[in-house]
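Here is a walk through one protein model, from single backbone details to packed helices. Keep the structure open as you read.

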Amino acid sequence: MNLDPRIIVALDFPAEGPALALADQLDPKRCRLKVGKELFTRLGPSFVARLQDLGFEVFLDLKFHDIPNTVAAACAAAADLGVWMVNVHASGGRAMMEAARARMAEFAKSPHLIGVTVLTSLDGDDLAAIGCPGEPAERVVQLAGLAAEAGLGGIVCSPREAAMVRAALGPGFLLVTPGVRPSIAASGDQKRVMTPSEALAAGADYLVIGRPITAAPDPLAALSAIEAELAP
Ligand SMILES: O=C(O)c1cc(=O)[nH]c(=O)n1[C@@H]1O[C@H](COP(=O)(O)O)[C@@H](O)[C@H]1O
């Protein structure tokens with residue numbers, strides 16, 4: 001399977017203007033684009049269509065987490081937008097993921113359906129505080145297994161867990177990794193991070209990268225530097 005381009009730029013902007021200004025400079029051959037809660041809540045489906053008109057494949061990152069019927073319907077709505085990838089929280093449970101998978105199967109060209117495992121902003125202390133003691137990696141592998149059993153095509157995890165999940169679930173299961181930070185970039189609110197080259201070496205299929213590109217003084221130069229780091 002040809003995965004290129006491996007970089008997914010997270011378009012986390014407060015308004016259409018700066019998001020489109022960046023998208024206009026980017027090339028669909030170099031990256032895909034992720035639309036998340038902020039821009040989708042402000043701009044809705046028409047903004048997704050705008051990016052698609054520019055030639056980009058769009059990852060709609062709304063992290064659905066609800067009862068099976070609701071999540072399945074929301075995933076169908078995402079598929080109607082023609083997005084390339086959509087995600088649900090794996091912790092929503094097997095029945096929820098199975099329902100989403102079943103609805104997606106009704107589409108001739110369904111998006112990749114992937115399960116968010118443990119948010120990359122959480123560490124072991126955070127998990128303990130929400131009543132899930134243990135290492136994030138253990139929980140990621142557990143939720144990845146559940147997502148695979150429910151028929152999902154992959155998961156979102158930190159690159160730190162990519163090798164463990166790959167060993168547990170084998171090739172072909174998509175590993176989408178945010179928490180990617182070039183060595184000079186600030187971690188910010190991300191607690192489980194790796195550099196782009198480390199993430200790829202660990203087995204990540206796609207690297208979700210936001211602020212190291214979008215908040216850089218020269219976003220295109222930042223993207224080029226990451227591409228250079230990833231070049232074989
Ligand atoms: O599903 C996601 O995309 C996601 C899952 C996760 O565990 N951590 C995570 O950071 N993300 C998203 O990935 C992007 C990372 O952005 P930066 O931290 O700016 O690189 C954000 O848009 C997050 O919403």
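Lys 63 sits in strand S3. This model is predicted, and in it Lys 63 has a positive phi of about 45 degrees, though the residue is not a glycine. Most residues other than glycine have a negative phi, and most peptide bonds are trans. A second backbone detail concerns that other habit. The peptide bond from Asp 4 to Pro 5 is cis, with omega near -5 degrees. Pro 5 belongs to the segment before strand S1 (7–10).

Now follow S3 sideways. Strand S3 covers residues 58–64 and runs parallel to strand S4, residues 85–89. Three bridges join the two. Look for Phe 59: Met 85 in S4 stands opposite. Strands of a sheet pair through backbone hydrogen bonds, either parallel or antiparallel.

Step back to the whole sheet. How many strands form the closed barrel? There are eight, in the order S1-S2-S3-S4-S5-S6-S7-S8, and the pairing is parallel. On average, neighbouring strands of this sheet are turned by 25 degrees against each other, direction ignored.

Next comes the ligand. Around the ligand there are 18 residues. Which of them come nearest? They are Ala 10, Thr 120, Pro 178, Gly 210 and Arg 211. Three elements give two or more residues to this shell: S3, strand S8 (206–209) and helix H10 (211–214). So S3, the strand that holds Lys 63, turns up again here. By class, the shell has eight nonpolar, six polar and four charged residues.Turn to the helices. Two packed helices are described by the angle between their axes and the distance between the axes. Take helix H4 (residues 68–80) and helix H5 (residues 94–104). They pack at an angle of about 35 degrees, with their axes 8 Å apart. Their crossing is right-handed. From H4, the contact uses Pro 68, Asn 69, Val 71, Ala 72, Cys 75, Ala 76 and Ala 79. Facing them in H5 are Ala 95, Met 96, Ala 99, Ala 100, Ala 102, Arg 103 and Met 104. By class, this contact has twelve nonpolar, one polar and one charged residues.

A further pair is helix H7 (residues 136–149) and helix H8 (residues 162–169). Their axes come within 10 Å and cross at roughly 40 degrees. Angles from 35 up to 65 degrees count as oblique, and H7 and H8 are therefore oblique to each other. H7 passes H8 in a right-handed crossing. On the H7 side, the contact is made by Ala 137, Val 140, Val 141, Ala 144, Gly 145 and Ala 148. On the H8 side are Met 164, Val 165, Ala 168 and Leu 169. By class, the contact of H7 with H8 has nine nonpolar residues, one polar residue and no charged residues.

Terms used
Residues are numbered from 1 along each chain as its sequence is written. This is a predicted model: local features need pLDDT of at least 70, side-chain atom pairs count only at pLDDT 80 or more; totals for chains, interfaces and linings use all residues. Two strands pair if DSSP finds at least two bridges between them. Helices (H or I, at least four residues) and strands (E, at least two) are DSSP runs, numbered from the N terminus. Axes are lines fitted to C-alpha atoms, for helices over the stretch in contact, and angles run from 0 to 180 degrees between N-to-C directions. Angles under 35 degrees count as roughly parallel, over 145 as roughly antiparallel, 65 to 115 as roughly perpendicular and the rest as oblique. A crossing is left-handed if the near helix is turned anticlockwise from the far one by less than a right angle, and right-handed if clockwise. Two residues are in contact if their C-beta atoms, placed from the backbone, lie within 7 Å. Ala, Val, Leu, Ile, Met, Phe, Trp, Tyr, Cys and Pro count as nonpolar, Asp, Glu, Lys and Arg as charged, and the others, Gly among them, as polar. A residue is near a molecule or strand if its C-beta atom, placed from the backbone, lies within 6 Å of it.
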